[in-house]
Amino acid sequence: KLGFGIGIRDLATVNGGLLVLSGDVNEREVAPEIYLWKFEPGQLKKLGQLPIISEAKAETLLVLDELTDAANTSYRVLIFYDGLEDGRPTEYVVSQ
């Protein structure tokens, strides 16, 4: 489902599922993506694509906050990168 040459870089628990950080398993410049898996077959939903950063790979996914309103759930996440000084932690928001 993630695609050829794409692997799971990290997992993080959220209410009702797991956030999945995907990325290239080789040395290609492929944009990392965040998915939500709700523990059911076929329930992997792409939430967002992160920018490509040359010479770095997204490695760690840390959930900072889970924001729910009547229509939507959003996740504030912190991504750490392999190959950048101190992991260059970067905050993103993705939504269901």
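User: Two strands pair if DSSP finds at least two bridges between them. With that in hand, how many bridges join β3 to strand β4 in this predicted model?

Analyst: Happy to start there. Strand β4 covers residues 44-49 and runs antiparallel to β3. One rung of this ladder sets isoleucine 34 of β3 against glycine 48 of β4. The number of bridges joining β3 to β4 is 5.

User: Which residue in β3 is the bridge partner of leucine 21?

Analyst: Here we turn to the pairing of β3 with β2. These two strands are antiparallel and share 5 bridges. In β3, leucine 21 has as its bridge partner isoleucine 34.

User: Is strand β3 largely enclosed or open, and how many of its residues are buried?

Analyst: Strand β3 spans residues 33-37. It pairs with β2, and with β4 as well. The strand is largely enclosed by the rest of the structure, because the buried residues number 4 of the 5.

User: In the hairpin of β3 and β4, what phi does phenylalanine 39 take?

Analyst: Most residues other than glycine have a negative phi. Phenylalanine 39 sits in the loop between β3 and β4, and that hairpin has 6 residues between its strands. The phi of phenylalanine 39 is positive, in a residue other than glycine, and lies near 65°.

User: Does phenylalanine 39 count as buried, partly exposed or exposed?

Analyst: Partly exposed is the class between 20% and 50% relative accessible area. Phenylalanine 39 has 46% relative accessibility, so this loop residue counts as partly exposed.

User: Where is glutamate 55 found, and is it buried or exposed?

Analyst: Glutamate 55 is found in the loop between β4 and β5. Its phi is positive, at about 70°, although it is not a glycine. The cut-off for exposed is over 50%. Glutamate 55 has 71% relative accessibility, so it counts as exposed.

User: How much space lies in the largest pocket?

Analyst: Let's build this up from the walls. The lining has 18 residues, and those closest to the centre are Arg28, Glu29, Ile53, Ala56 and Lys57. By class, the lining holds 9 nonpolar, 2 polar and 7 charged residues. The space in the largest pocket comes to about 280 Å³.

User: Which elements give two or more residues to the lining of the largest pocket?

Analyst: The largest pocket holds about 280 Å³ of space. The elements that contribute two or more residues to its lining are β2 (17-24) and β5 (57-68).

User: Which residue's backbone nitrogen lies 3.2 Å from a polar atom of the side chain of aspartate 24?

Analyst: Aspartate 24 belongs to strand β2, and it is buried, with a relative accessible area of 4%. Setting aside residues up to four places away in sequence, aspartate 24 touches Gly5, Ile6, Arg9, Val30 and Lys57. The backbone nitrogen lying 3.2 Å from a polar atom of the aspartate 24 side chain is that of asparagine 26.

User: How far apart in space are aspartate 24 and leucine 2, C-alpha to C-alpha?

Analyst: Along the sequence, aspartate 24 and leucine 2 are 22 residues apart. In space, C-alpha to C-alpha, the separation of this pair is 9.9 Å.

User: With which side chain does the side chain of threonine 73 make a polar contact?

Analyst: Threonine 73 lies in strand β6, residues 73-82, and it is buried at 13% relative accessible area. Beyond four places in sequence, its contacts are Glu66, Leu67, Thr68, Val94, Ser95 and Gln96. At 3.4 Å, its side chain makes a polar contact with the side chain of threonine 68.

User: Which residue has the backbone oxygen that the side chain of threonine 90 reaches?

Analyst: Threonine 90 is in strand β7, residues 90-95. At 18% relative accessibility, threonine 90 counts as buried. Leaving out residues up to four places away in sequence, threonine 90 touches Val77, Leu78, Ile79 and Tyr81. At 2.9 Å, its side chain reaches the backbone oxygen of arginine 88.

User: What is the relative accessible area of isoleucine 79?

Analyst: Isoleucine 79 is found in strand β6. Outside four places in sequence, its contacts include Leu21, Ile34, Leu50, Pro89 and Thr90. Proline 89 is 10 residues away in sequence and 5.5 Å away in space, C-alpha to C-alpha. Isoleucine 79 is buried, and its relative accessible area is 0%.

Technical notes. Residues numbered from 1 in each chain as written. Predicted model: local features only at pLDDT ≥ 70, side-chain atom pairs only at ≥ 80, totals over all residues. Heavy atoms only, no water. 1 Å grid on protein atoms, 1.4 Å probe; cavity = no way out; pocket = protein on both sides within 12 Å on 5 of 7 lines; lining within 4 Å. Points joined across faces, edges and corners; volume = space filled by probe spheres on them. Nonpolar A, V, L, I, M, F, W, Y, C, P; charged D, E, K, R; others polar. Buried < 20%, exposed > 50% of the residue type's maximum accessible area, 1.4 Å probe, protein only. Contact = heavy atoms within 4.5 Å. Polar contact = N/O pair within 3.5 Å; in protein donor to acceptor, adjacent residues only side chain to side chain.
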